[in-house]
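Trainee: I've got a model open on my screen and I'd like to work through it with you. Can we take it piece by piece?

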Amino acid sequence: MSKASMNDTGTGKVSATENDTGTATENDTAERARDARELGDAGSTLSTAPREEREDTTIGGPTLGIVGWFRWIWRQLTSMRVALILLFLLSLGSIPGSLIPQASVDELKVQDFKERHETLAPIYDSLQLFHVYSSVWFSAIYILLFISLIGCIVPRTWQFVGQLRSRPPGAPKRLDRMPAYATWRTTAEPGAAREAALAILKKRRFRAHTVGDAVAAEKGYLREAGNLAFHIALIVMLVAFASGQLFKSEGGKLIVEGDGFSNTLTQYDDFKSGSLFNTDELAPFSFTLDEFTGTYERSGPQLGTPRTYKADVRYTTDATGPEKKAVIEVNKPLDVDGSKVYLIAHGYAPVVSVKDGRGKEVFRGAVPLLPIDNNVSSTGAIKVMDGYRDKNGKKDQLGFAAFFVPTYGGKGSGQMFSRFPALDFPVLNVGAYHGSLGVDSGLPQNVYQLNTDKMKAFKDAKGNVLKKTLLPGDSLTLPDGAGSITFEKEVKEWASFQITHQPGDAWALAGAIAAIAGLAGSLFIQRRRVWVRAVRGADGVTVVEMAGLGRSESAKLPEELAELAGTLHSEAPSAPDPAEKTVEGAEK
């Protein structure tokens with residue numbers, strides 16, 4: 001290793017030694033072995049990283065018994081190398097979860113993927129790629145990483161605590177062997193030089209004490225503390241992730257303006273939870289959607305781009321509590337008793353009314369339709385299940401396939417499409433059917449789709465399905481006195497909300513922040529030791545030696561030692577060389 005060079009400080013001369021001055025000592029094998037041992041002792045415990053140990057082996061191979069093999073496996077599993085490999089595998093295993101639809105997120109997308117990829121789907125299913133985060137292989141990596149980190153961190157933490165309670169080791173015999181070294185002769189007494197060095201080092205926040213004829217000091221403990229904090233933070237994040245998956249709940253609800261929601265299981269459109277979640281733990285709150293407001297860019301290259309999406313709601317935290325007002329926006333959820341209500345989608349719900357063959361109104365309400373493009377062209381179904389009778393008084397059911405555009409752009413062309421997402425020119429197109437809607441079969445069905453397997457279409461004069469494009473206030477009269485449907489002069493808006501409860505989020509955030517802080521400390525803080533020896537030389541003049549040793553090579557260590565040497569030199573200035581004294585005496 002190269003030695004650090006110390007230049008003139010201005011008040012005295014500080015010299016650097018590059019080679020040993022004693023040639024005979026360098027050639028002595030025992031002396032060199034002792035120096036190497038002293039250097040190793042001086043640098044010991046600069047890190048709490050576990051040392052690699054070798055098992056006793058013979059020429060024929062390792063002599064490991066059951067306990068020996070267990071110890072070897074445990075040592076490998078708890079090594080930092082294996083922990084990093086497992087962390088990499090965990091990151092690698094997360095990639096399919098972001099590229100392939102997950103059943104825990106959207107079952108419909110998974111079904112659609114399986115229908116479109118009949119060859120790949122069975123392979124993905126056998127590899128559990130539709131359930132990545134609950135798969136056996138992902139859980140195995142997760143658990144092994146958890147064990148590896150704990151087995152690695154616990155002994156290192158105790159070792160680090162022991163280092164904090166101990167003092168820096170004494171100075172090696174040969175300080176000039178250190179990577180950074182400086183020496184000079186001074187007129188100060190050895191004790192005074194050591195006291196000055198001790199005061200300077202403590203002022204620079206070194207842990208310092210006097211050992212024999214030298215001062216030993218150490219600094220940079222936060223490097224190892226940051227390293228341990230980083231790995232402990234990883235454990236916290238793993239625990240937070242696991243608890244979040246086990247105790248989470250997540251559900252969706254579409255709400256039309258004026259309607260409300262109560263946080264009970266029956267109120268959700270869809271609901272999923274972790275294996276340890278109890279539905280009795282649902283937070284007792286409710287809210288009502290008063291108004292949804294959406295604004296869009298009216299000109300320029302971003303025409304139609306949403307500018308404002310917000311939902312004005314009133315909510316209560318219990319049945320008898322007062323109502324409070326709140327505004328829910330995208331990425332600005334409503335937080336109630338640990339549950340968060342996110343605004344995730346928006347659409348329109350035209351208000352329609354249906355009359356039977358005798359002129360009696362059997363249905364009136366806002367029908368939410370689902371958007372299919374960026375301009376909120378929407379499709380859905382209008383279902384009249386109860387109360388309808390034809391002109392003869394016979395019970396029947398009606399179904400209408402609906403297509404809605406908020407800003408009609410097909411005027412004159414007969415095409416049905418929207419050219420802007422706002423309600424500038426609303427138009428509703430309906431196709432009429434009658435018969436069995438299939439709601440009495442006991443099988444679940446999509447409320448936004450019309451199943452016409454057991455239904456008959458009303459026919460127009462040409463024998464086609466009876467359809468009509470309606471403006472607000474227009475009606476479609478069904479043939480043979482079957483009734484009518486009217487597009488009322490009102491279009492409400494709906495918003496879709498996601499209600500989530502994930503208890504591990506706060507811990508995961510705290511762990512992430514701690515991991516970043518710990519990683520920064522372990523990367524940018526250098527742990528180093530400094531020794532200052534002051535002894536009286538053979539000619540009676542005090543000789544000061546300073547040396548520094550870091551955990552890793554760095555240009556900052558010689559610079560810091562030079563600065564310390566300059567400060568100490570001002571307290572213990574250089575003594576004149578013997579040659580200078582002789583010249584001065586001759587002149588006199």
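Trainee: Let's start with the basics. How many helices and strands does the secondary structure of the protein come to?

Mentor: Keep in mind that this is a predicted model. Of its 588 residues, 40% count as buried. As for secondary structure, the count for the protein is 12 helices and 24 strands.

Trainee: Among contacts between residues at least 6 apart in sequence, what percentage join residues at least 24 apart?

Mentor: Take the contacts in the protein whose partners sit at least 6 residues apart in sequence, then ask which of those span at least 24. The share that does is 66%.

Trainee: On to the rings. How many aromatic pairs does a search of the whole structure find, and how are Trp137 and Phe138 arranged?

Mentor: The search of the whole structure turns up 18 aromatic pairs. In the Trp137 and Phe138 pair, the ring centres are 6.1 Å apart and the planes make an angle of 80°. Planes over 60 degrees apart count as edge-to-face, so this pair is edge-to-face.

Trainee: Which of those two, Trp137 or Phe138, is buried?

Mentor: Buried means under 20% relative accessible area. Trp137 has 27%, so it is partly exposed. At 4%, the buried residue is Phe138.

Trainee: Is the pair of Tyr142 and Phe241 stacked, edge-to-face or tilted?

Mentor: Here the centres are 5.8 Å apart, with 45° between the planes. Stacked needs an angle under 30 degrees and edge-to-face one over 60. Since 45° fits neither, the pair is tilted.

Trainee: How many residues apart are Tyr142 and Phe241?

Mentor: Tyr142 belongs to helix H7 (residues 136-165), while Phe241 belongs to helix H9 (residues 221-247). The pair therefore links distant parts of the chain. Along the sequence, the two are apart by 99 residues.

Trainee: And which of Tyr142 and Phe241 is partly exposed?

Mentor: Tyr142 has a relative accessible area of 12%, so it is buried. The value for the other ring is 33%, so the partly exposed residue is Phe241.

Trainee: Let's go to the largest nonpolar core. Which strand gives the most to this core?

Mentor: In general, nonpolar side chains tend to be buried together in soluble globular proteins. The largest core has 29 residues, and those with the most contacts inside it include Leu398, Phe400 and Leu478. Elements giving two or more residues to this core include strand S13 (339-355), strand S17 (398-405) and strand S22 (483-501). With four residues, the one that gives the most is S17.

Trainee: Leaving aside neighbours within four places in sequence, which residues is Leu478 in contact with?

Mentor: Leu478 is one of the residues with the most contacts inside the largest core. With its neighbours within four places left out, its contacts are Leu398, Phe400, Ala432, Phe458, Leu466, Gly483 and Ser484.

Trainee: What about empty space? Which helix gives the most to the lining of the largest cavity?

Mentor: The whole structure has three cavities of 30 Å³ or more, and the largest has a volume of about 40 Å³. Its lining has eight nonpolar, one polar and no charged residues. Helix H4 (80-99), H7 and H9 each give two or more residues to this lining. With four residues, the top contributor is H4.

Trainee: And the largest pocket: which strand gives the most to its lining?

Mentor: This pocket has a volume of about 1200 Å³. Of the 28 residues lining it, those closest to its centre are Asp106, Leu108, Asp269, Asp270 and Tyr448. By class, the lining divides into 11 nonpolar, nine polar and eight charged residues. With five residues, the element that gives the most is S6.

Trainee: One more. Is Ala547 buried or exposed?

Mentor: Ala547 is in strand S24 (residues 542-550). Beyond its neighbours within four places in sequence, its contacts include Leu175, Tyr181, Val530 and Leu561. Val530 is 17 residues away in sequence, with the C-alpha atoms 5.7 Å apart. Relative accessibility is 0%, so Ala547 counts as buried.

How values were computed:
Residues are numbered from 1 along each chain as its sequence is written. This is a predicted model: local features need pLDDT of at least 70, side-chain atom pairs count only at pLDDT 80 or more; totals for chains, interfaces and linings use all residues. Side-chain values use heavy atoms; hydrogens and water are left out. Rings of Phe, Tyr and Trp (its six-membered ring) pair if their centres lie within 6.5 Å; planes under 30 degrees apart count as stacked, over 60 as edge-to-face and the rest as tilted. Buried means under 20% relative accessible area, exposed over 50%, partly exposed in between (1.4 Å probe, protein chains only). A nonpolar core is a set of buried Ala, Val, Leu, Ile, Met, Phe, Trp, Tyr and Cys residues joined through side-chain atoms within 4.5 Å. Contact means heavy atoms within 4.5 Å. On a 1 Å grid over the protein atoms alone, a cavity is a set of points where a 1.4 Å probe fits but cannot get out, and a pocket is an open set with protein on both sides within 12 Å along at least five of seven lines; lining residues have an atom within 4 Å of a point. Grid points are joined across faces, edges and corners, and a volume is the space filled by probe spheres set on the points. Ala, Val, Leu, Ile, Met, Phe, Trp, Tyr, Cys and Pro count as nonpolar, Asp, Glu, Lys and Arg as charged, and the others, Gly among them, as polar.
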